[in-house]
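Here is a short round of questions and answers on charged side chains. Keep the sequence and the structure open as you read.

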Amino acid sequence: MARLPRLFLPGCAQHVIQRGNNREACFYTEADYKAYLSMLKDAALKYEVAIHAFVLMTNHVHLLLTPGDEESISRMMQAQGRKYVQYFNFTHGRSGTLWEGRYKSTLVDADNYLLTVYRYIELNPVRASMVTHASEYPWSSYQGNALGKPIQLLTPHLLYRRLGKTAQERQMAYRALFRGRMPEHELAAIREASNKAWVLGDDRFRRQIEAKTGRRAVPAGRGGAAHRRRHRRRHHRR
């Protein structure tokens with residue numbers, strides 16, 4: 001069956017996940033992380049993709065970005081991914097694929113979820129018990145967004161820029177977002193949307209996406225599935 005085109009809305013941010021094949025490591029050394037980020041920066045510039053947040057984990061990558069057009073992200077990921085695989089295989093004396101199929105992408109409702117996804121991405125190393133605070137992990141965008149470290153790869157989203165009038169105000173407000181743990185319902189919503197490549201947003205946002213794209217923005221409804229299960233149970237009892 002042919003794959004459906006990825007959902008796209010001009011100016012809408014997307015949460016992208018790229019995983020290692022069979023959950024195997026994509027990064028062995030510090031040089032690997034640096035090479036990936038350098039190649040990602042070049043590809044993002046070439047294909048006009050604004051990257052707002054990122055984290056490189058041992059066996060997968062999270063990105064929050066806004067594409068310039070409908071093909072920008074796929075072209076960037078293909079170019080960067082292919083180049084990094086060549087580097088990784090040559091450097092570590094291996095061959096074959098590195099990535100697990102197609103990357104996953106989710107449209108993000110900026111008004112309700114954008115800063116939550118920023119936080120979700122940069123807290124990955126904390127949830128994985130790799131560090132105790134996001135500031136301790138060197139391979140994420142936290143040090144740029146929260147502490148002002150120059151990271152050429154990053155382009156601040158409009159909502160990030162609205163956190164304060166100056167860079168210092170924005171960084172202070174951003175750091176405040178990281179106090180306490182993320183609520184479980186937020187984690188669950190992001191994971192479900194990401195794993196199934198659906199839309200992350202409220203009902204209004206989903207309806208907007210469906211109206212603009214002519215496609216469903218969420219699965220065909222658990223209510224329908226539940227109705228079918230109830231119908232089968234009634235049928236078996238007869």
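Q: Is Asp203 buried, partly exposed or exposed?
A: The model is predicted. Buried means under 20% relative accessible area, and exposed means over 50%. Asp203 has a relative accessible area of 48%, so Asp203 is partly exposed.

Q: Which residue meets Asp203 in a salt bridge?
A: Look in helix H9, residues 203–213. The partner lies 3 residues from Asp203, about one helical turn away. At 27% relative accessibility, this partner counts as partly exposed. The N to O distance is 3.5 Å, and the partner is Arg206.

Q: How far apart are the closest N and O atoms of Lys34 and Glu30?
A: Lys34 and Glu30 are 4 residues apart in helix H1, so about one helical turn separates them. Lys34 is partly exposed at 48% relative accessibility. Glu30 is also partly exposed, with a relative accessible area of 48%. The two form a salt bridge, and the closest N and O atoms are apart by 3.0 Å.

Q: Which residue forms a salt bridge with Lys41?
A: Lys41 is partly exposed, at 28% relative accessibility. Its partner is partly exposed too, at 39%. The closest N and O atoms are 3.4 Å apart, and the partner is Asp42.

Q: Where is Glu70 found?
A: Glu70 is partly exposed, with a relative accessible area of 49%. Glu70 gathers with Glu48, Asp69 and Glu71 in a surface patch of negative charge. Its place is the loop between strand E3 (60–67) and helix H2 (72–92).

Terms used: Residues are numbered from 1 along each chain as its sequence is written. This is a predicted model: local features need pLDDT of at least 70, side-chain atom pairs count only at pLDDT 80 or more; totals for chains, interfaces and linings use all residues. Side-chain values use heavy atoms; hydrogens and water are left out. Patches are made of residues with over 30% relative accessible area and no salt bridge: like charges are joined within 9 Å, nonpolar side chains (Val, Leu, Ile, Met, Phe, Trp, Tyr) within 5 Å. Accessible areas come from the Shrake-Rupley method with a 1.4 Å probe; for residues, only the protein chains shown count as cover. A salt bridge is a side-chain nitrogen of Lys or Arg within 4 Å of a carboxyl oxygen of Asp or Glu. Lys and Arg count as positive and Asp and Glu as negative; His and the chain ends are not counted. The place of a charge is taken as NZ of Lys, CZ of Arg, CG of Asp or CD of Glu. Helices (H or I, at least four residues) and strands (E, at least two) are DSSP runs, numbered from the N terminus. Buried means under 20% relative accessible area, exposed over 50%, partly exposed in between (1.4 Å probe, protein chains only).
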